[in-house]
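Reader: I should like to understand how the descriptive terms for a protein structure are justified. May I see the structure and then put some questions to you?

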There are 2 protein chains.
Amino acid sequence: MERQSRPTVLLSSGIPFGKTLKSRLKETFFPDDPFKHFAGQRHRRRAWSVLSYFVPILEWAPKYKPSLFASDLLAGITIASLAIPQGISYAKLADIPPIIGLYSSFAPPLMYAVFGSSNNLAVGNVAAASLLLASSIRSSISPVNEPEMYLYTVFTAAFFTGLFDLGLGIFRLGILVDFLSRSAITGFMGGTAIIIILQQFKGLLGLQHFTTKTDLVSVVHAVFMNRHEWRWQSAVLGLGFIAILLLARHLKDRLPKLFWVNAICPLFVIVLGGIIAFTADGKSHGIPIVGDLKKGLNPISVSQLQFNSPNVSVALKAGLISGFIALAEGIAVGRSLALLKKEQIDANKEMIAFGIMNIVGSLTSCYLTTGPFSKSAVNYHAGCKTPMSNVVMAVCMLLVLLFLAPLFKYTPLVALSAIIVVAMLGLIELREMQHLFKVDKFDFCVCMAAFLGVIFVGMEVGLLSSMGLSIVRALLHVARPTTCKLGNVTGTDLYRDVEQYPDSSTIPGILILQLSSTIYFANASYLRERIARWVEAEGNIIKAKGQDLQYIIFDMGGVSAIDNSGIGLLFEVHKMLESKGIKVALTNPRLSVVEKLVAADFIDVVGKEWIFLSVNDAVSSYSFTLQQAKNDDEHI
Amino acid sequence: MERQSRPTVLLSSGIPFGKTLKSRLKETFFPDDPFKHFAGQRHRRRAWSVLSYFVPILEWAPKYKPSLFASDLLAGITIASLAIPQGISYAKLADIPPIIGLYSSFAPPLMYAVFGSSNNLAVGNVAAASLLLASSIRSSISPVNEPEMYLYTVFTAAFFTGLFDLGLGIFRLGILVDFLSRSAITGFMGGTAIIIILQQFKGLLGLQHFTTKTDLVSVVHAVFMNRHEWRWQSAVLGLGFIAILLLARHLKDRLPKLFWVNAICPLFVIVLGGIIAFTADGKSHGIPIVGDLKKGLNPISVSQLQFNSPNVSVALKAGLISGFIALAEGIAVGRSLALLKKEQIDANKEMIAFGIMNIVGSLTSCYLTTGPFSKSAVNYHAGCKTPMSNVVMAVCMLLVLLFLAPLFKYTPLVALSAIIVVAMLGLIELREMQHLFKVDKFDFCVCMAAFLGVIFVGMEVGLLSSMGLSIVRALLHVARPTTCKLGNVTGTDLYRDVEQYPDSSTIPGILILQLSSTIYFANASYLRERIARWVEAEGNIIKAKGQDLQYIIFDMGGVSAIDNSGIGLLFEVHKMLESKGIKVALTNPRLSVVEKLVAADFIDVVGKEWIFLSVNDAVSSYSFTLQQAKNDDEHI
């Protein structure tokens with residue numbers, strides 16, 4: 001009688017479908033519950049809350065204090081000093097005029113300051129996405145023969161990137177970025193860093209001719225085919241600059257307080273390089289320079305967007321791919337910096353901000369921008385408090401564009417190359433790769449797919465193959481869920497995996513199987529065969545002892561969802577076992593599972609009395625029944 | 001001291017990575033363990049086993065007995081009687097000459113008899129895939145203006161289908177078919193049946209002009225636009241035939257023993273129709289007939305395959321899509337019939353057989369074949385025992401092709417339409433759709449996506465959108481795993497979901513969270529936020545009672561895998577909780593998870609003594625620690 005007193009499994013929650021659906025949808029698309037704070041507020045106050053939710057500046061600006069501004073001012077000036085060399089260098093990577101890189105550090109940061117939700121992110125152009133953009137457009141439009149059309153297509157791509165980001169944010173599809181795993185990003189960034197460094201041989205060696213391809217083989221080939229163009233002046237200067245930059249970084253690693261030396265060093269290198277080139281009349285001595293930079297603010301580029309040209313599809317593709325990788329970098333940077341300060345950022349809100357800043361950027365002669373890692377880290381270390389540091393940076397850029405731009409004419413290309421090389425060296429995370437190899441071999445494969453794919457084939461191939469591998473892995477996991485046989489852990493009433501706990505003992509005649517994750521169309525036929533194999537194997541073991549398999553307990557505690565094919569599978573398995581005279585019991589089904597089993601009448605087929613709260617209950621109940629049957633036999 | 005005596009979690013299995021990888025790969029691609037029976041056999045015997053594994057006829061033919069042949073002969077003749085009308089009808093659906101349909105029931109069944117592993121499958125052409133093939137090729141090549149090129153492309157498509165099936169089988173990718181869920185098949189088949197029935201209005205009303213589109217709107221439009229072409233003779237004959245066929249089916253449902261009446265009825269309708277058309281000189285009375293059928297066996301069509309033509313991509317696409325749906329039908333039919341006889345079939349072996357039969361078919365003037373449901377069910381009910389029934393059918397077709405083919409010239413098209421309509425009515429499973437709606441709303445959506453997509457847009461759209469939905473669902477499940485708070489079920493030492501068991505009681509100061517499925521890159525950032533929300537919510541509840549949250553237990557029993565991003569998440573969560581002074585414990589991690597946690601040093605960070613075998617252990621251990629601390633306080 002003991003088993004009657006045990007609590008039983010609840011078979012229904014009584015929650016109607018509509019409510020369940022609502023809560024599922026909410027968990028999927030609004031996991032951060034953005035509107036929870038608005039509940040219970042009065043009408044007008046509520047409208048303000050909603051507005052300031054979408055426009056974060058309304059939230060932080062009214063509370064802004066002078067003490068905060070001191071910090072933001074310092075941080076803003078520091079990142080502006082980084083924005084100049086990075087803007088020029090990465091624009092060269094994207095094969096567009098250097099001034100566009102400076103423009104891109106003016107309009108977008110202002111937009112981000114209004115709509116962005118991260119206090120640490122510094123906006124600007126990024127190396128990897130710039131190169132990806134160029135390699136994607138270059139195959140259709142030559143930046144050398146059609147420089148204008150190429151530039152316009154780059155603007156149009158930025159516009160599409162903006163639309164894409166905005167769309168993702170509005171439809172709360174931040175979930176998409178989750179599918180780019182950290183391993184894939186590590187590999188992709190490492191591979192990109194290497195090919196970007198390879199690209200710099202053009203600048204470092206002062207080459208006139210180079211390849212437009214990005215893979216290792218083509219680049220090495222181009223470097224050595226043009227040996228006659230090598231310029232020792234360029235090389236010496238380049239190595240000198242690299243040494244200075246590495247020294248500054250080393251200093252920062254030793255004395256973290258001197259991070260600003262490292263932050264300002266690229267600007268120093270550019271100024272130094274400019275002075276050398278100017279005094280030595282570099283161009284005639286084998287040191288090519290950037291060339292004329294026009295004074296003045298971003299011109300409006302609305303009429304240059306190419307919506308009717310045949311190149312619109314090129315721009316769309318380039319915009320989506322480079323935008324995706326830029327977005328992923330921006331979100332990842334924002335998240336990790338927020339974590340350091342124990343703040344939280346909302347990926348969907350960030351996407352809206354990125355979207356708006358890229359759309360506005362594309363209308364004002366800017367190209368693809370996001371939150372680059374290097375700049376944001378400097379911003380963080382410089383002690384930024386709010387997005388105001390982006391405003392300060394934009395004001396600095398305003399001054400540069402209005403008054404100082406022509407001075408950067410003498411910047412030697414080799415200085416830009418040196419800056420890029422040193423920045424890229426920091427992106428090759430060998431330690432992280434080693435760690436991946438140690439902890440998770442599959443993650444290491446994903447990382448290597450991206451890394452080697454980028455280096456030897458192309459950036460898009462590397463990115464897509466590693467993402468594909470990650471998704472295939474996730475799907476394979478759905479398609480091949482683990483099952484295991486449970487045994488009683490000696491001295492307890494617990495039942496655990498017999499492979500994990502070899503001391504645990506099985507009970508003759510009873511097979512306990514633990515099912516896990518989801519029982520879905522994608523794994524139903526696999527599970528059917530797998531269970532049949534378990535039953536066959538157990539039957540053979542027991543037969544050797546002269547007994548029969550009489551009872552199967554499915555531990556459903558780990559099954560978090562089931563669909564119609566999964567229920568069909570359970571019916572089939574039950575039928576198969578019944579025909580062999582084996583009794584079936586279920587233990588601990590979760591609510592979402594048990595409700596479906598009730599709706600499909602599976603619970604009635606098994607019998608309510610065969611659904612237990614724990615494996616131990618199921619086992620003791622069966623022993624109890626056996627004992628009773630024995631007693632009855634004896635009585636007769 | 002009590003907790004010391006409890007068994008602890010085993011932290012390593014000592015199984016090397018290579019072995020784990022091997023067993024994982026085996027579970028993924030060889031879940032049926034095909035070579036298990038070969039182990040321990042001698043050299044020559046083993047070679048024979050392997051050979052007969054790949055060529056199943058070597059297994060069953062040597063044991064073949066006359067008694068089996070009696071059954072197979074009867075079944076073979078029955079399915080041959082079905083193969084003639086179906087061959088002609090479905091060839092018309094594919095817009096190719098009717099004789100190709102007859103050819104397709106000759107060569108492919110012979111191949112299947114050699115390589116196929118199912119004892120129940122009857123090979124032939126199928127309605128849905130025929131229409132899909134036609135609708136896919138028709139948009140590029142007109143079957144009216146370029147009938148030869150169209151036919152050659154159909155052959156080429158069959159060749160690609162064969163290659164595709166063979167490749168899937170050899171690389172053991174049977175797993176791909178698992179991603180076509182039963183709900184998607186139900187919806188797709190139902191929708192296809194409806195548009196195929198709509199297509200039959202052409203034959204039933206004797207129309208001369210018709211649309212080449214398949215969607216509902218176009219077809220209804222075409223039927224009513226051509227009202228002047230309606231022929232009452234055709235319609236009357238058609239309705240009569242449909243009545244006969246429905247009557248035969250009704251008879252079968254009432255008296256299952258008379259299944260052969262139903263099986264032979266289509267042939268009867270064709271013969272009857274032929275006689276009527278011949279005696280009444282049908283063509284001049286508005287009853288179009290099939291027309292000349294050439295005597296003779298399948299001509300060789302090797303030289304007609306279009307590998308160099310610009311249409312090769314059309315053939316490839318059509319072959320892959322129609323091949324995929326045909327394969328899915330064949331595998332599903334094979335599986336469900338095998339289940340009825342308690343046999344097992346190997347999906348990968350079936351794919352190899354389908355591949356070979358389609359390649360050989362494409363070389364001998366056959367088009368796409370698979371194991372159609374109707375024919376195979378008849379084969380099963382007629383008592384087939386081995387693939388020999390396919391050989392019998394092929395011999396019957398041989399006789400028909402050599403001697404009787406010209407007789408079928410007078411077959412009225414309306415008889416074919418009637419046969420198709422009745423066959424298709426059986427594929428619309430309204431009951432199953434109702435069941436889906438009751439049990440699983442999402443599955444119902446998948447089914448409706450296929451059903452409505454096929455009816456209103458097109459077959460490919462319906463198929464792909466439902467498959468896409470299914471995969472998105474699987475991925476969403478990976479991206480948004482369920483977490484729940486556990487409480488103590490009164491009167492036991494069990495801890496269960498507090499929402500499912502509202503009577504269960506929580507312990508003040510302790511939060512127990514159950515994690516589930518996999519902790520992956522795709523859900524790591526979601527889980528981080530979700531756990532933070534749980535902690536915040538619990539903190540607020542407890543604070544109201546004047547207490548602090550001191551202890552968090554993560555029940556890892558349901559977590560079947562973890563990757564590098566997932567481990568990163570655990571580190572971050574641990575850091576976040578530690579900074580709030582909350583102690584973390586893990587319970588019951590599985591072997592594959594715990595090994596990675598050890599490798600990543602996470603176990604050391606948490607502390608080995610905080611990993612427990614069960615939630616109850618973790619709770620009582622903590623209470624014990626608290627009690628001791630209290631005692632110490634009192635002593636001081």
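Reader: How do the axes of helix α4 (residues 66–93) of chain B and helix α17 (residues 388–404) of chain B cross, and within what distance do they come?

Author: In this predicted model, the two axes come within 7 Å of each other and cross at roughly 50°.

Reader: What makes α4(B) oblique to α17(B)?

Author: An angle under 35 degrees would count as roughly parallel, and one from 65 to 115 as roughly perpendicular. The crossing angle is roughly 50°, which belongs to neither class, and therefore α4(B) is called oblique to α17(B). As to handedness, α4(B) passes α17(B) in a right-handed crossing.

Reader: Which residues meet where α4(B) and α17(B) are in contact?

Author: From α4(B), the participants include F69(B), D72(B), L73(B), I77(B) and I84(B). Among their counterparts in α17(B) are M388(B), S389(B), V392(B), C396(B) and V400(B). By class, this contact has 15 nonpolar, two polar and one charged residues.

Reader: Why is S365(B) called buried?

Author: The term requires 20 or more other C-beta atoms within 10 Å. S365(B) has 23 such neighbours, and so S365(B) counts as buried. This residue lies in the loop between α15 (347–363) and α16 (373–381) of chain B. Its phi is near 60°, a positive value in a residue other than glycine.

Reader: Why is D601(A) called partly exposed?

Author: A residue is exposed with 12 or fewer neighbours and buried with 20 or more. D601(A) has 14 inside 10 Å, which falls in between, so D601(A) counts as partly exposed. D601(A) is found in the loop between α25 (591–599) and α26 (602–606) of chain A, and its phi, near 65°, is positive although the residue is not glycine.

Reader: How do you know whether S52(B) is buried, partly exposed or exposed?

Author: The count of C-beta neighbours inside 10 Å is 15 for S52(B), and therefore S52(B) counts as partly exposed. S52(B) is found in helix α2 (residues 43–54) of chain B. Leaving aside residues up to four places away in sequence, S52(B) touches L58(B) and E59(B). The C-alpha atom of S52(B) is separated by 9.5 Å from that of F115(B), a residue 63 places away along the chain.

Reader: What makes up the contact between chain A and chain B?

Author: Chain B gives 69 residues to the contact, and chain A gives 69 residues. On the side of chain B that touches chain A, 28 residues are nonpolar, 23 polar and 18 charged.

How values were computed: Residues numbered from 1 in each chain as written. Chains lettered and ligands numbered in written order. Predicted model: local features only at pLDDT ≥ 70, side-chain atom pairs only at ≥ 80, totals over all residues. Contact = placed C-beta atoms within 7 Å. Nonpolar A, V, L, I, M, F, W, Y, C, P; charged D, E, K, R; others polar. Axes fitted to C-alpha atoms, helices over the stretch in contact; angles between N-to-C directions. Helix = DSSP H or I, 4+ residues; strand = E, 2+ residues; numbered from the N terminus. Parallel < 35°, antiparallel > 145°, perpendicular 65-115°, else oblique. Left-handed = near helix turned anticlockwise from the far one by under 90°.
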